[in-house]
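Trainee: I am new to this structure and would like a close look at a single part. Please take one cysteine as the starting point and then place that residue within the rest of the chain.

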Amino acid sequence: MHDDRLIVALDVHAMEDVESLVETLGDSVTHYKVGMELFYSVGASVVSYLKEKGKQVFLDLKLHDIPNTVAGGLCSLMGLGADILNIHASGGYTMMKKSAEALRAAAEKQGIACPKLIAVTVLTSINAEEWAEMGHTGDIGEQVIRLAELAKKAGLDGVVASPQEAAAIRKACGEDFLIVTPGIRPAGSSLDDQSRISTPSAALRNGATHLVVGRPVRSAEDPRAAAEKIVKEMGEA
Ligand code: C5P
């Protein structure tokens, strides 16, 4: 039993840990998220390994630079075989648009499926105090929606967002827009360092299309049973 909307976060440093978790989870998980920590320590081999295992890869490297550099960087990452890539929406409309266009053109030229490109709006770690400290006067929630709308206008496929933002983004950006939400905690599990959390079913009801789950699966006594329990809850949502 699996659900393609579940993405398990591989927040580990070593290939042995990746291999052990992927083996343990078997066919209960089809999508994995590779972030900076893992990618910077083991490199492209982790993407090749996951692809060889028939998995989908969300390469969560959050690119943010001038348009030409981000567009080029994304095309290089596409060459590794990643299925979902992301950039910071705060890099601006031109950066997002040029990135989306460059990826589509490169995929077409190579005759491969274009990876999904999604944007990070405002990092969920930023609180109101830090927001003001950076010189912003408006509301964080309004900025999240503004950037999600801008990402859509620039031709991106969706955004990464907290589950609490999902409903407003869905309303603003329409049905055909990916909303990938971390901060998922099945009822009764540890919050760890997350604060703005949702259960899997609540996140889906609010419009999330994909759920990123790390520790509730990785740190469970029986990771496969934990993943299957989440998949079951997703199916019932
Ligand atoms: O272990 P846990 O389920 O909290 O992992 C969530 C994953 O999602 C981690 O890889 C974390 O870096 C990522 N993430 C997040 N909040 C964001 C963006 C990404 O928790 N706003």
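**Cys-75 and its setting**

Mentor: Cys-75 counts as partly exposed, because its relative accessibility is 22% and the buried class holds only values under 20%. The model is a predicted one, and every value here is computed from it. There are 0 disulfides in the structure. For Cys-75, the nearest cysteine sulfur belongs to Cys-114 and is 8.5 Å away. A disulfide needs two cysteine sulfur atoms within 2.5 Å, so Cys-75 is in no disulfide. Cys-173 is in no disulfide either, and the nearest cysteine sulfur to Cys-173 is again that of Cys-114, at 19 Å. Cys-173 has a relative accessible area of 2% and is buried, whereas Cys-75 is partly exposed.

From the cysteines, go on to Asn-86, which is found in strand E4, residues 84–88. With a relative accessible area of 1%, Asn-86 is buried. Leaving aside residues up to four places away in sequence, Asn-86 touches Leu-74, Leu-117, Ile-118, Val-120 and Val-160, and also the run Phe-58, Leu-59, Asp-60, Leu-61, Lys-62 and Leu-63. One of these partners, Lys-62, lies 24 residues from Asn-86 in sequence, yet the two C-alpha atoms are 5.1 Å apart in space.

Lys-62 itself is found in strand E3, which covers residues 56–63. Its relative accessible area is 24%, so Lys-62 is partly exposed, while its contact partner Asn-86 is buried. Lys-62 also has a positive phi, about 45°, although it is not a glycine. Asp-192 is another non-glycine residue with a positive phi, in this case about 50°. Asp-192 sits in the loop between strand E7 (178–181) and helix H9 (200–205), whereas Lys-62 is in a strand. At 38% relative accessibility, Asp-192 counts as partly exposed.

Ala-220 gives a contrast to Asn-86. Ala-220 is placed in the loop between helix H10 (215–218) and helix H11 (223–236). Its relative accessibility is 23%, and Ala-220 therefore counts as partly exposed. Apart from residues up to four places away in sequence, Ala-220 touches Arg-215 and Ala-226. Ala-220 and Asn-206 are 14 residues apart along the chain, and their C-alpha atoms are separated by 26 Å. For Asn-86 and Lys-62, 24 residues apart in sequence, the C-alpha distance is 5.1 Å.

Now the chain as a whole. It contains 11 helices and 8 strands. Its radius of gyration is 17 Å, close to the 18 Å that the globule rule gives for 237 residues, so the chain is as compact as a globular protein of that length. Along the principal axes, the C-alpha atoms fill a box of roughly 45 × 40 × 30 Å. Of the 237 residues, 48% are buried; Asn-86 and Cys-173 are among them. Taking contacts with a separation of 6 or more, 67% are between residues 24 or more positions apart. The accessible surface of the chain is about 11,100 Å², and carbon and sulfur atoms account for 50% of that area. The side chains include 24 positive and 32 negative ones, and the centres of these two sets lie 6 Å apart.

Methods
Residues numbered from 1 in each chain as written. Predicted model: local features only at pLDDT ≥ 70, side-chain atom pairs only at ≥ 80, totals over all residues. Heavy atoms only, no water. Helix = DSSP H or I, 4+ residues; strand = E, 2+ residues; numbered from the N terminus. Rg over C-alpha atoms; globule rule 2.2 N^0.38 Å. Buried < 20%, exposed > 50% of the residue type's maximum accessible area, 1.4 Å probe, protein only. Contact = heavy atoms within 4.5 Å. Areas by Shrake-Rupley, 256 points an atom, 1.4 Å probe, with all protein chains shown as cover. Lys, Arg positive; Asp, Glu negative; His and termini not counted. Charge placed at Lys NZ, Arg CZ, Asp CG, Glu CD.
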